[in-house]
Amino acid sequence: MATYKTSIAGSISSARWTDDAASATEVEVSTSSINIHQVRIDNTANSTILYLKLYNLAASSLTVGSNSPESILPVDAGSKVEYDFDPGMAFGTALCYAVVTTPGTAGTTAPATAITLEILTS
């Protein structure tokens with residue numbers, strides 16, 4: 001898995017977090033408060049709907065399938081989707097995410113093929 005951060009000059013978002021192998025294992029984006037402005041999800045490699053779970057928790061406090069997500073964003077099979085949040089979706093504690101095949105808190109099954117995910121934050 002390759003998760004990396006790049007800076008964005010002259011934008012409301014100050015950073016782009018990219019994960020080219022997002023799956024059911026939690027990934028920690030931030031250990032402090034952060035705002036999400038946009039999420040881009042590429043699910044073209046899978047034939048099932050997937051769900052991006054966003055958590056307002058640090059990875060050390062998170063168990064995918066047990067902790068309730070702050071938000072769950074669906075992406076249809078074989079498609080790409082963008083979610084825009086204006087003025088931003090606030091996460092006051094931290095930000096982690098996971099991608100699963102079942103909606104709701106209990107879902108833990110990874111997609112057949114990992115997806116590409118971008119999160120624009122400030």
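## Arginine 16 and its salt bridge

In this predicted model, R16 is partly exposed, because its relative accessible area of 25% lies between the under 20% that counts as buried and the over 50% that counts as exposed. The side chain of R16 meets the side chain of E118 in a salt bridge, with 3.4 Å from N to O. This pair links distant parts of the chain, since R16 belongs to strand β2 and E118 to strand β9, and the two are 102 residues apart.

## A network of charged side chains

The count of salt bridges comes to three. Besides the pair already described, R40 forms a salt bridge with E82, and the closest N and O atoms of these two residues are 3.4 Å apart. Here too distant parts of the chain are linked, for R40 is in strand β4 and E82 is in strand β7, 42 residues apart. Both partners count as partly exposed, R40 at 26% relative accessibility and E82 with a relative accessible area of 46%.

E118 also forms a salt bridge with R40, again with the closest N and O atoms 3.4 Å apart. In this case the link runs between strand β9, which holds E118, and strand β4, which holds R40, and the two residues are 78 residues apart. Through shared partners, the salt bridges join R16, R40, E82 and E118 into one network.

## A buried aspartate

What surrounds the side chain of D19, a residue that is buried yet has no salt bridge? D19 is placed in strand β2, which covers residues 15-22, and the nearest side chain of opposite charge, that of R16, is 13 Å away. A salt bridge would need a nitrogen and an oxygen within 4 Å of each other, so R16 at 13 Å does not serve as a partner for D19.

The side chain of D19 does have polar partners of other kinds. With the side chain of Y97 it makes a polar contact of 2.6 Å, and the D19 side chain also reaches the backbone nitrogen of A22 at 3.3 Å.

## Strands and the whole chain

The protein chain has zero helices and nine strands, so that, read along the sequence, its pattern is β-β-β-β-β-β-β-β-β. Of its 122 residues, 41% count as buried. The accessible surface of the chain comes to about 5,700 Å², and carbon and sulfur atoms account for 47% of that surface.

Contacts in this chain often bring together residues that are far apart in sequence: among contacts between residues at least 6 apart, 76% join residues at least 24 apart.

## Two nonpolar cores

In soluble globular proteins, nonpolar side chains tend to be buried together. In this model, the largest nonpolar core has 24 residues, and the members that touch the most other members are I36, V39, I41, L52, L54 and Y97. The elements that give two or more residues to this core are β2, β3 (27-30), β4 (34-42), β5 (50-55), β6 (71-75), β7 (80-91), β8 (95-100) and β9 (115-121). A second core, separate from this one, has eight residues, among them Y51, V64, A98 and V100.

Y97 therefore appears in two parts of this report, as a member of the largest nonpolar core and as the residue whose side chain makes a polar contact with D19.

## Two loop residues

Is N46 buried or exposed, given its position in the loop between β4 and β5? At 6% relative accessibility, N46 counts as buried, because this value is under 20%. Leaving aside residues up to four places away in sequence, N46 touches A77, G78, P111, A112, T113 and I115. The side chain of N46 is also joined to the side chain of N43 by a polar contact of 3.0 Å.

S66, in the loop between β5 and β6, is exposed, because its relative accessible area of 55% is over 50%. The C-alpha atoms of S66 and A106 are separated by 6.1 Å, although these residues are 40 residues apart along the chain.

## A cis peptide bond

One further feature concerns the backbone of the chain, where a cis peptide bond joins D86 and P87, with omega at about 20 degrees. P87 is placed in strand β7, the strand that also holds E82 of the salt-bridge network.

Conventions: Residues are numbered from 1 along each chain as its sequence is written. This is a predicted model: local features need pLDDT of at least 70, side-chain atom pairs count only at pLDDT 80 or more; totals for chains, interfaces and linings use all residues. Side-chain values use heavy atoms; hydrogens and water are left out. Helices (H or I, at least four residues) and strands (E, at least two) are DSSP runs, numbered from the N terminus. Buried means under 20% relative accessible area, exposed over 50%, partly exposed in between (1.4 Å probe, protein chains only). Lys and Arg count as positive and Asp and Glu as negative; His and the chain ends are not counted. A polar contact is a pair of N or O atoms within 3.5 Å; within protein, one must be able to donate a hydrogen and the other to accept it, and residues adjacent in sequence count only if both atoms are side-chain atoms. Contact means heavy atoms within 4.5 Å. Accessible areas come from the Shrake-Rupley method with a 1.4 Å probe; for residues, only the protein chains shown count as cover. A nonpolar core is a set of buried Ala, Val, Leu, Ile, Met, Phe, Trp, Tyr and Cys residues joined through side-chain atoms within 4.5 Å.
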